[in-house]
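Biologist: Could you walk me through this one slowly? I'd like to go piece by piece and ask as we go.

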Amino acid sequence: MEKMQIVYLVFLLVGGLGLLLSLLLGEFIGDHDISGGDVHGDIDNPKIFSLKSIFAFLMAFGIGGGSMSLLGEHLWLQISVAIGVGIVTSLFVFFVMKIL
């Protein structure tokens, strides 16, 4: 396993476990938003930088980058795809939270 594959795997595990715990425990402790250096709970009006969207970004970054790494693509393409997939997934989670 290459170094970057290990990095992508760590992102996937941290993001996936964090998102899972956030979804499971969110009912009990609420969701936390990060804005302006202040962390506070806000269930009714989610922000783009909520813990769920950050964990979703990390998980998708690991999936996208790991997939490109396994396909043997160059590092710049791995990171570009990982960032793009992470942003799209994070925005998807944000809009789902807005609807709910």
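Biologist: Where does Leu21 sit?
Modeller: Leu21 lies in helix H1, and please keep in mind throughout that we are looking at a predicted model.

Biologist: And is Leu21 buried, exposed or partly exposed?
Modeller: Leu21 counts as partly exposed, because its relative accessibility is 48%, and the cut-off for being exposed is over 50%.

Biologist: Which nonpolar patch on the surface includes Leu21?
Modeller: Leu21 belongs to a nonpolar surface patch that also includes Met1, Ile6, Leu9, Val10, Leu13 and Val14. Leu17, Leu20, Leu24 and Leu25 complete the patch, and together the members have about 1000 Å² of accessible area.

Biologist: Where is Met1, then?
Modeller: Met1 is placed in the segment before H1, and with a relative accessible area of 72% it is exposed.

Biologist: What is Met1 in contact with, leaving aside its neighbours within four places in sequence?
Modeller: With those neighbours set aside, Met1 is in contact with Ile6 and Leu9. You can also look across to Leu70, which is 69 residues from Met1 in sequence, while the two C-alpha atoms are 9.7 Å apart in space.

Biologist: Let's switch to rings. How many aromatic pairs does a search of the whole structure find?
Modeller: The search finds four aromatic pairs. In one of them, the rings of Phe11 and Phe61 have centres 4.9 Å apart and planes at 50°, so this pair is tilted.

Biologist: Which parts of the chain does that pair link?
Modeller: The pair links distant parts of the chain, since Phe11 is in helix H1 (residues 3-29) and Phe61 is in helix H2, with their positions 50 residues apart in sequence.

Biologist: Are Phe11 and Phe61 buried or exposed?
Modeller: Phe11 counts as partly exposed at 29% relative accessibility, whereas Phe61 counts as buried at 11%, because buried means under 20% relative accessible area.

Biologist: What about Phe57 and Phe61 as a pair?
Modeller: The ring centres of Phe57 and Phe61 are 6.0 Å apart and their planes meet at 35°, so this pair is tilted as well. Phe57 and Phe61 are four residues apart in helix H2, and therefore about one helical turn separates them. Phe57 itself is partly exposed, with a relative accessible area of 24%.

Biologist: Which residues do the ring pairs link into a cluster?
Modeller: The cluster consists of Tyr8, Phe11, Phe57 and Phe61, linked by ring pairs.

Biologist: Staying in helix H2, what can you say about Lys52?
Modeller: Lys52 has its place in helix H2, which covers residues 51-70, and Lys52 is buried because its relative accessible area is 14%, where the cut-off is under 20%. If you measure along the sequence, Lys52 and Ser22 are 30 residues apart, yet from C-alpha to C-alpha they are 6.4 Å apart in space.

Biologist: Now the other end of the chain. Where is Leu77 found?
Modeller: Leu77 is found in helix H3, which runs over residues 75-99, and at 25% relative accessibility Leu77 counts as partly exposed. Leu77 is twelve residues away from Gly65 in sequence, and their C-alpha atoms are 8.4 Å apart.

Biologist: Can we zoom out? What does the secondary structure of the protein come to?
Modeller: The protein has three helices and two strands, and, read from the N terminus, the elements run α-β-β-α-α.

Biologist: How many of the residues are buried?
Modeller: Of the 100 residues in the protein, 32% are buried. The protein exposes about 6400 Å², and carbon and sulfur atoms supply 75% of that area.

Biologist: What about contacts between residues at least 6 apart in sequence?
Modeller: Among those contacts, 60% join residues that are at least 24 apart in sequence.

Biologist: Last one: where is confidence lowest and where is it highest?
Modeller: Confidence is lowest in strand E2 (residues 38-41), where the mean is 51, and highest in H2, where the mean is 95. For the protein, the mean pLDDT is 85, and 80% of the residues reach 70 or more.

Methods:
Residues are numbered from 1 along each chain as its sequence is written. This is a predicted model: local features need pLDDT of at least 70, side-chain atom pairs count only at pLDDT 80 or more; totals for chains, interfaces and linings use all residues. Side-chain values use heavy atoms; hydrogens and water are left out. Buried means under 20% relative accessible area, exposed over 50%, partly exposed in between (1.4 Å probe, protein chains only). Contact means heavy atoms within 4.5 Å. Accessible areas come from the Shrake-Rupley method with a 1.4 Å probe; for residues, only the protein chains shown count as cover. Rings of Phe, Tyr and Trp (its six-membered ring) pair if their centres lie within 6.5 Å; planes under 30 degrees apart count as stacked, over 60 as edge-to-face and the rest as tilted. pLDDT is the predictor's confidence in each residue, from 0 to 100. Patches are made of residues with over 30% relative accessible area and no salt bridge: like charges are joined within 9 Å, nonpolar side chains (Val, Leu, Ile, Met, Phe, Trp, Tyr) within 5 Å. A salt bridge is a side-chain nitrogen of Lys or Arg within 4 Å of a carboxyl oxygen of Asp or Glu.
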